[in-house]
Amino acid sequence: MERHEFGVAVRRLRESTAPAAVGLPVGRRRVRGLRREELGELAGMSADYVRRLEQGRSHPSAGVVNAIARALRVGRADYERLCALAGYAAADGRVPNDVGPGAMRLLERFTDTPMFVSDAAMNLVAVNSAFMALGHWQLTGDPWEWNIAWRTFCDPFDGFKQSAGDATDHQAVLVARLTSALLRYPADASLAALVDEMRSRSRLFDTLWRAPRPVAAYESSAAFIHPDGDSVTLVGSLLAIPGDDLAALMLTAAPGSADAARLAEIVSDGGEPAIIKVGRPGPG
């Protein structure tokens, strides 16, 4: 069954891959995506072997799985699925944090909307200048200063306030995402260390880790207190970017509200739109 499903997955990926995306000329084509011959050439194998794989008549080695994934330039989620269907662990088992084209497009197209992109372990990997303009994300020099869960449970922001109900929803999402990440990336030592340290530092996190709450909603409201003393209430909505195993959080105000007007002022005062890669000590 797994061999058959692996073949179906390879064929689906091959047929959905645009030739231009892997450096091949487009020209006039009678089939969707790539031909078996083209995939074989890119992956260093014969077209007949590709056919046997797709028909479930041959079991791939780990090297073959990696070669096919590289040839098709698949995202992390598709790569891990191919590995699982073939019966192998992903090559490194670490949480991916590359900001892929899908995430970049979101950041580039919503310049007036505060937004960040995080990896599966809830580390911020990129933000836009509208998000930084809110002025609430103070840097502490801590190794996990860009991790949302760490900052929520162990080092909360002075300029971020939530009601009890919104805080409950927010905490449930963070715990659920970290639990899922640890199951999918058991070899990531940094992720394991983060969870261990959070369980040691935060009684609330340890309690929720042992008895997690169900996730009621993947959004919550919060008041962001600007350094000038004024505040703006925004709703954070979490959007999955599955191909790269990333997530984007968009912060919006009710249309036509005083918060929307205040947000527009804050973003305008923040200067020219920019995308900032983070996750190291300080932006950049």
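In this predicted model, the side chains of D230 and R262 meet in a salt bridge, with 3.1 Å from N to O. D230 belongs to the loop between β4 (219-225) and β5 (231-241), while R262 belongs to helix α12 (residues 258-269), so the pair ties together parts that are 32 residues apart in sequence. The two partners can also be described by their accessibility: D230 is partly exposed at 36%, whereas R262, at 12%, counts as buried. Nor does the pair stand by itself, for salt bridges that share partners join D228, D230, R262 and E265 into one network.

The count of salt bridges comes to 14, and another of these pairs is formed by R14 and E54, whose closest N and O atoms are 2.7 Å apart. Here R14 lies in helix α1 (residues 2-16) and E54 in helix α3 (residues 47-54), so that this pair ties together parts 40 residues apart in sequence. R14 is buried, with a relative accessibility of 6%, and E54 is likewise counted as buried, at 7%.

A further salt bridge, between D206 and R210, has its closest N and O atoms 3.0 Å apart, and both of its residues lie in helix α11, four residues apart, which is about one turn of the helix. D206 is buried, with a relative accessible area of 17%, but R210 is exposed, with a relative accessible area of 55%.

The same helix, α11 (residues 203-210), has F205, D206, L208 and W209 as buried residues. Seen down the axis of α11, these buried residues fall within an arc of 165 degrees, so they line one face of the helix. They pack against α8 (148-153), α9 (164-184) and α10 (189-201), while the face turned away from the buried side carries the exposed residues R203 and R210.

Turning to an annotated region, an unreviewed UniProt entry gives residues 29-81 the annotation "domain: HTH cro/C1-type". This span is 62% helix and 0% strand, and its end C-alpha atoms lie 29 Å apart. R73, in the loop between α4 (62-72) and α5 (76-86), has a positive phi of about 55 degrees although it is not a glycine, and R73 is exposed, with a relative accessible area of 55%.

A positive phi, near 70 degrees, is also found at M122, again a residue other than glycine. M122 lies in the loop between β1 (115-119) and β2 (124-128), and M122 is buried, with a relative accessible area of 3%.

Definitions and conventions. Residues numbered from 1 in each chain as written. Predicted model: local features only at pLDDT ≥ 70, side-chain atom pairs only at ≥ 80, totals over all residues. Heavy atoms only, no water. Helix = DSSP H or I, 4+ residues; strand = E, 2+ residues; numbered from the N terminus. Buried < 20%, exposed > 50% of the residue type's maximum accessible area, 1.4 Å probe, protein only. UniProt positions renumbered as here; feature names shortened; annotations may be inferred. Arc of directions from axis to C-beta. Contact = heavy atoms within 4.5 Å. Salt bridge = Lys/Arg side-chain N within 4 Å of Asp/Glu carboxyl O.
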